[in-house]
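Below are some notes for a colleague on charged side chains, set out as numbered points to be read beside the model.

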Amino acid sequence: MALWARQVSRWCCLLQTALAAEFPRRLSARSSTTRGCRGFAPLAPLPSGNDVLPWRLQAYRHVSVGSCSPPGSAKDGSLSSHESNLPSPVKQEQAKAETLPDLNAKILYEDWDDIPPSSALEEISEEEAVQIIAEPLLPLQSSTLRDYVDHSETLAKLVHLGVDLSQVEKRQKAGQLLLNLDFEKDIRKILLFLKDVGVEDNQLGPFLTKNPYILAEDLEALETRVAYLKSKKFGAAEIAQMVSRAPYLLLFSVERLDNRLGFFKNELGLSVKKTKDLVIRLPRLLTGKLEPVKENLQVCQIELGFQRNEIQQIVFKTPKILTASKKRLRQTFDYLHNIMGIPHHMLTRFPQVFNSKLLRIKERHMFLTFLGRAQYDPAQPSYISLDQLVSLPDEVFCTEIAKASIQDFKKFLKTL
C-alpha cells in the first residue's frame with residue numbers, strides 16, 4: 001500500500017512538470033503567430049485631412065488581406081483559410097511546432113518504467129506504516145504441522161481429505177515429507193492409484209494418516225507390486241481389502257512380499273491356497289515383524305504342547321494367535337487346560353477361545369460351576385461348547401446356556 005502511494009505521488013509530480021513545460025511552449029507559438037499576423041499589415045503614416053477617405057480604404061484593404069481570422073464567407077460563397085493568409089515564415093514556424101515530438105511525455109513514460117522498487121530499509125511516514133498489512137510469517141521451526149496449514153496448499157487439501165495431521169506428525173520425518181510435496185505434482189497421482197486399487201474415498205484420509213510415506217513412493221513401483229499380487233491369484237477385491245487393512249503393504253518390494261508368502265507357506269506347512277487365505281484375513285502378517293511370529297509358534301509347540309498339525313489348524317482358523325502376546329497365550333491356555341480341563345484336541349477345534357478375555361472366561365466358568373452346569377465334554381449331556389461359552393452376549397448366555405436370569409449373574413459377580 002505504501003509503495004503504491006509513493007508511486008502515484010511521483011507520477012503526479014512528473015505529470016505537473018510536463019504540463020508546466022508544455023504550456024509556455026504553446027503560448028509562445030500562439031504569440032509568434034499573432035505577431036506575424038499583426039506585422040503583415042503595417043500602419044501607414046497618418047494622411048492629411050483631404051486624404052482621410054482613401055487612407056481608410058487602404059487600411060481596410062490591408063487588414064482584410066492580412067487578418068488571421070477567417071471571414072464568414074466570400075462573395076463567391078467559398079471559405080478562405082487563415083493558413084493561406086499567413087506569410088511563409090509564420091507557416092514554417094507553425095509546421096515545426098506541429099511536428100516536434102513531445103519529449104516531455106516521452107520522458108514521463110520512461111520515468112514510470114524506471115521507478116526503482118521500494119527498499120526494505122527505506123523510511124516511511126507513520127500514516128504509510130499504519131496502512132501496511134503484514135501477513136503472518138512462516139515459522140522457521142515448529143513441533144506441529146498445524147502452524148503450516150495456512151501457508152501450505154498441500155496440507156490444507158490433505159486435511160480436507162480427512163488426514164489427521166496430529167497423528168501424522170508423530171511418525172518419523174512424515175511432517176517434513178508432506179511439507180516438501182506438491183499436491184498436484186506428487187500427491188494427486190497416488191490418490192488416483194489408490195482409488196484404482198480399490199480404496200474407498202472415505203478411507204483415503206485414514207489410510208494416509210497411517211501411511212503418509214506412500215506419497216513419496218514411485219508410481220511405477222507401486223503398480224509393479226499390485227501386478228505381483230495379481231500374479232499370485234489374488235483378486236481385485238482381495239487386494240483392495242488387504243491394502244485397506246494393511247496400509248504399509250504396498251511399501252514392500254516384490255522380493256520382500258514373495259519372501260513373506262514363502263515363509264508362512266513353509267513354516268506352517270500350508271498349501272498355496274491356505275496361505276493366500278491366511279494373509280487375506282490378516283494381511284498385516286506380510287508387513288509386521290517375523291520374530292514375534294516365530295516366538296509364538298515355538299510357544300505353541302514347546303510350552304503348550306500342541307502338535308504341528310494342530311498348530312496348522314489353530315493358525316488357519318485364528319491367524320491373530322501368531323501376533324498375540326506370549327504371556328496372554330500362556331495364561332489363557334493354563335486356565336482352559338489345567339483349571340477347566342479342556343484337552344488339546346478341543347482347543348484345536350475351538351481356537352477362537354484364545355482371542356477372548358481371560359476375565360470373561362473365568363466369570364462365566366465360575367457361574368456355570370456354581371449352577372452345576374459346567375460341562376465341556378461333548379460326550380456328556382448338557383454339553384457346552386467353548387464357542388458358546390465365550391461368544392454369546394450376557395443375556396443370551398444366561399437364558400440359553402446357564403438357564404438363569406441376567407440379574408442372578410450380576411449378583412454372582414458381586415460375590416467374586
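1. Is D196 buried or exposed? This is a predicted model, and in it D196 is exposed, with a relative accessible area of 67%. The residue lies in helix α10, and the value is above the 50% over which a residue counts as exposed.

2. D196 does not stand alone in this respect, since D196, D218, E220 and E223 gather in a patch of negative charge on the surface. Because residues that form a salt bridge are left out of such patches, the members listed here are acidic side chains without a salt bridge.

3. Turning to paired charges, the structure holds ten salt bridges. One of them joins the side chains of E184 and K157, with a distance of 3.1 Å from N to O. E184 belongs to helix α10 (residues 183-197) and K157 to helix α7 (residues 153-161), so this pair ties together parts that are 27 residues apart in sequence. As for exposure, E184 is partly exposed at a relative accessible area of 42%, and K157 is also classed as partly exposed, at 25% relative accessibility.

4. E184 has a further partner in R188, and the side chains of these two residues meet in a salt bridge of 2.8 Å, again taken from N to O. Here the contact stays inside one element, because R188 and E184 are four residues apart in helix α10 and are therefore separated by about one helical turn. R188, at 38% relative accessibility, counts as partly exposed.

5. The two contacts of E184 are best read together with their surroundings, as E153, K157, E184 and R188 are linked in a network of salt bridges. Within this network, the bridge between E184 and K157 runs from helix α10 to helix α7, whereas the bridge between R188 and E184 remains within helix α10.

6. A separate point concerns R364, which forms a salt bridge with D394, the closest N and O atoms being 2.7 Å apart. R364 lies in helix α20 (residues 358-371) and D394 in helix α22 (residues 394-402), so the pair ties together parts that are 30 residues apart in sequence.

7. How exposed or buried are the two partners, R364 and D394? R364 is buried, with a relative accessible area of 1%, while D394 counts as partly exposed at 32% relative accessibility. The bridge thus pairs a buried arginine with a partly exposed aspartate, and a reader examining this contact may wish to view both ends.

Notes. Residues are numbered from 1 along each chain as its sequence is written. This is a predicted model: local features need pLDDT of at least 70, side-chain atom pairs count only at pLDDT 80 or more; totals for chains, interfaces and linings use all residues. Side-chain values use heavy atoms; hydrogens and water are left out. A salt bridge is a side-chain nitrogen of Lys or Arg within 4 Å of a carboxyl oxygen of Asp or Glu. Helices (H or I, at least four residues) and strands (E, at least two) are DSSP runs, numbered from the N terminus. Buried means under 20% relative accessible area, exposed over 50%, partly exposed in between (1.4 Å probe, protein chains only). Patches are made of residues with over 30% relative accessible area and no salt bridge: like charges are joined within 9 Å, nonpolar side chains (Val, Leu, Ile, Met, Phe, Trp, Tyr) within 5 Å. Accessible areas come from the Shrake-Rupley method with a 1.4 Å probe; for residues, only the protein chains shown count as cover. Lys and Arg count as positive and Asp and Glu as negative; His and the chain ends are not counted. The place of a charge is taken as NZ of Lys, CZ of Arg, CG of Asp or CD of Glu.
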